[in-house]
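Colleague: Could you take me through one part of this model up close? I'd like to hear what it packs against, and then what the pockets look like.

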Amino acid sequence: MTECCTTSVPLLKDIMTPIAGISPDVPVRDVVGIFQQDQTLLALPVVDRDRFVGVINRKVLIFKHLGRPYTMDLYGRKPISVLLEECPLVMDAALDVNSALERLVSEDPALESDSFPVMEGDRCIGIASVAELMMSISRLQAGLLQTLRCLTARIREEVAIASRV
């Protein structure tokens, strides 16, 4: 008999990247430096004494806040807290990827977000990228398709056996 594989739905904590938070007092210039040092970093959680206060997204920081002439001169020495996103989309670490995508699309239908903070209680434990969320769902669907193929083969085997009886 054909063995069928099992597919489990990943949780956000399985696909997120753990990222240490930064203080709201860190100067904007230093945050830009952090993003320049790590090109894969999409966002930084901002944490004040272990309490999540917001998130700084690379794309938003560079294109929205610092993309105009002289803005680095204006904001460079100011604390990053002045540029925090108000009410960012955050999701619980125990949320499965299908539910996370459903929530993401309902709250950001244009999919302008490229990442979001992943929370465990009131602590930000990492950042999940929308690209990795989509890829994990794609891998899940491929696994489900393989399971479907296994089950189809098994049904055919059972029908063949039953027709001989």
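**A close look at H6**

Modeller: Let's start with the buried side of helix H6: Val-130, Leu-133, Ser-136, Ile-137, Leu-140, Gly-143, Thr-147 and Cys-150. Buried here is under 20% relative accessible area, with a 1.4 Å probe and protein chains only. Bear in mind that this is a predicted model, where local features need pLDDT of at least 70, side-chain atom pairs count only at pLDDT 80 or more, and totals for chains, interfaces and linings use all residues. Residues are numbered from 1 along each chain as its sequence is written, and side-chain values use heavy atoms, leaving out hydrogens and water.

H6 covers residues 130–164, 35 in total, and reaches 51 Å from its first C-alpha to its last, close to the 51 Å expected at 1.5 Å a residue. That expected span is 1.5 Å times one less than the number of residues. Helices are DSSP runs of H or I with at least four residues, strands runs of E with at least two, numbered from the N terminus.

What do the buried residues of H6 pack against? Their partners are helices H1 (12–15) and H5 (97–107), plus strands S4 (115–120) and S5 (123–129), with contact meaning heavy atoms within 4.5 Å.

Two of those partners turn up again at the pockets. S4 supplies three residues to the lining of the largest pocket, the largest share, and S5 gives the most to that of the second largest, also three residues.

Note on methods. Buried means under 20% relative accessible area, exposed over 50%, partly exposed in between (1.4 Å probe, protein chains only).
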